Amino acid sequence: MLFLSLLVSALLGVVQSQSAPRELYSSLIFSKSLSTVQSHSTTSYPQQTTRTGTWQNTAADSWTSGFFPAMMYELNKRKALCPSEDASNTNWRTLGQAWSTALIPLGKSNSVGHDVGFLSFPFVDELALNSSNETAIAAINSFATYLANRYNPVVGCTRSWDSSDPNRFTVIIDNMMNLEVLYVSASLTGNDTLRQIARKHADTTMNNHIRADGSTWHVLIYNGTTGGVISKITNQGYADNSTWSRGQSWGVYGFANMYRLTGDTNYLSTSRRLATWFIDHLPADGVVPWDFDAPNIPNPRPADSSAAGIVSNGLLLLAQLETDGSLATKWRNAALGILDSITDLAWAPSWQSLLSNATANWPQNNYLTGLVYGDYYYIKAGNELLAMNLTTC
């Protein structure tokens, strides 16, 4: 039977490696998403669940509101890749457009600051389908301008959280994921200053946010006048000297993406370092903890299913870009292993979300929930595995 399985996979052109969890291609992904669509208005966005799996919602002016419409675009891709999974006649792209509409004014005024990059995701997806969509073009350019206006050339970064103290300039590792909108807008407008801002931010983060061993700090406080580093701390991690898993995940993914956008091998090397540290510090069960240095309190130590999804996508991107074949295999297998472990733990058929066991913010006692961005990156990882020919529907 094993020989037959290998032969069938070979005939289908599937690269043999660790297998993908079948839940990634469950029909529940479509049916749950459609149920959420039907129970929400297009200005009410699922953000996280209760500890029993019921969605709690947010208005458009939230850093997470771009993920649900972006999820609709991922489902549009999935339906094309795996048509038998979706028994409905749903037009997921149309739903993505509908849930994106309320985000458009946030390019001019919002409370999310640097996270306009996340808000741009569905518009970037739309542009990939229709490069002349004026609504998407205008939204992307608006978000990019907003982010660029948060740039401080003395610090060499875009500001993350605002502060009443003009000398307190905060930058978080998460911000690596917001840089792509600057590149997309630059390609649309020819404004190379946007590319320069993105590269300078990435270079400054590369120099200051990463420890010698390849782990990362969550938050850096700069002096906005001199550009000097005041402190290196955490906000959502266990301690200032610990490694918050979602932050490390953003770093792996963000630097791989900067390598994709620029071809600068310094970003490739940095993503490799962060990925190696992440893999080497996974516990024996392969489940991504909320913080790598947090104690087992409560026991077992809470996981973060969203960090697992984020880093899996980062590793899969890194594998596609990798110039070293053995490392590409390492990143692929690590992503598959992480997805398998988190699926075993967190796949939640009875919940409204796809996954449980996310940790949004442990210091605020916000854990053991589902998170919309956890679901988004879980679906996206499944699509990437299909696109990479590593599995079938």
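Helices (DSSP runs of H or I, at least four residues) and strands (DSSP runs of E, at least two) are numbered from the N terminus.

**Figure 1. Confidence along the predicted chain.** The model is predicted: local features need pLDDT of at least 70, side-chain atom pairs count only at pLDDT 80 or more, and totals for chains, interfaces and linings use all residues. Residues are numbered from 1 along each chain as its sequence is written, and side-chain values use heavy atoms, with hydrogens and water left out. The protein chain has an average pLDDT (the predictor's confidence in each residue, from 0 to 100) of 95. At least 70 is reached by 96% of the residues. Over residues 1-16, pLDDT is below 50. This stretch makes 12 contacts (heavy atoms within 4.5 Å) beyond near neighbours in sequence. Where pLDDT is low, predicted coordinates should not be read in detail.

**Figure 2. The largest pocket.** A pocket is an open set of points on a 1 Å grid over the protein atoms alone, with protein on both sides within 12 Å along at least five of seven lines; a cavity is a set where a 1.4 Å probe fits but cannot get out; lining residues have an atom within 4 Å of a point. The largest pocket holds about 530 Å³ of space (a volume is the space filled by probe spheres on points joined across faces, edges and corners). Its lining counts 23 residues. Asp125, Glu180, Tyr253, Arg260 and Lys380 are the closest of these to the pocket centre. Helices H3, H6 (121-129), H10 (245-262), H12 (305-321) and H14 (372-387) each supply at least two lining residues. H6 gives the largest share, 5 residues. By class, the lining has 12 nonpolar, 4 polar and 7 charged residues (Ala, Val, Leu, Ile, Met, Phe, Trp, Tyr, Cys and Pro are nonpolar; Asp, Glu, Lys and Arg are charged; the others, Gly among them, are polar).

**Figure 3. The second largest pocket.** The volume of this pocket is about 360 Å³. It is lined by 21 residues. Trp63, Gln236, Arg246, Ala360 and Tyr373 lie nearest its centre. Two or more lining residues come from each of strand S1 (45-49), H10 and strand S8 (358-361). H10 also contributes at least two residues to the lining of the largest pocket. The second lining divides into 9 nonpolar, 9 polar and 3 charged residues.

**Figure 4. The cavity.** The structure has 1 cavity of 30 Å³ or more. Its volume is about 60 Å³. Lys32, Ser33, Thr36, Trp55, Phe68, Met71, Gln352, Ser353, Leu354 and Asp375 form the lining. Helices H2 (28-38) and H3 (67-81) are the elements that give two or more of these residues. H2 has the largest share, 3 residues. The lining comprises 4 nonpolar, 4 polar and 2 charged residues.

**Figure 5. Packing of H3 against H4.** H3 and helix H4 (residues 92-100) pack at about 170°, with axes 8 Å apart (axes are lines fitted to C-alpha atoms over the stretch in contact; angles run from 0 to 180 degrees between N-to-C directions). The two helices are therefore roughly antiparallel (over 145 degrees; under 35 is roughly parallel, 65 to 115 roughly perpendicular, the rest oblique). H3 makes the contact through Phe68, Pro69, Met72, Tyr73, Leu75, Asn76 and Lys79. H4 brings Trp92, Arg93, Leu95, Gly96, Gln97, Trp99 and Ser100. By class, the contact has 8 nonpolar, 4 polar and 2 charged residues. Phe68, on the H3 side of this contact, also lines the cavity.

**Figure 6. Cis peptide bonds and a positive phi.** Ile297 and Pro298 are joined by a cis peptide bond, with omega about -10°. Pro298 sits in the loop between helix H11 (265-280) and H12. Another cis bond joins Asn299 and Pro300, with omega about 5°. Pro300 too lies in the loop between H11 and H12. Leu368 is not a glycine, yet has a positive phi of about 60°. Leu368 belongs to strand S9 (residues 366-369).
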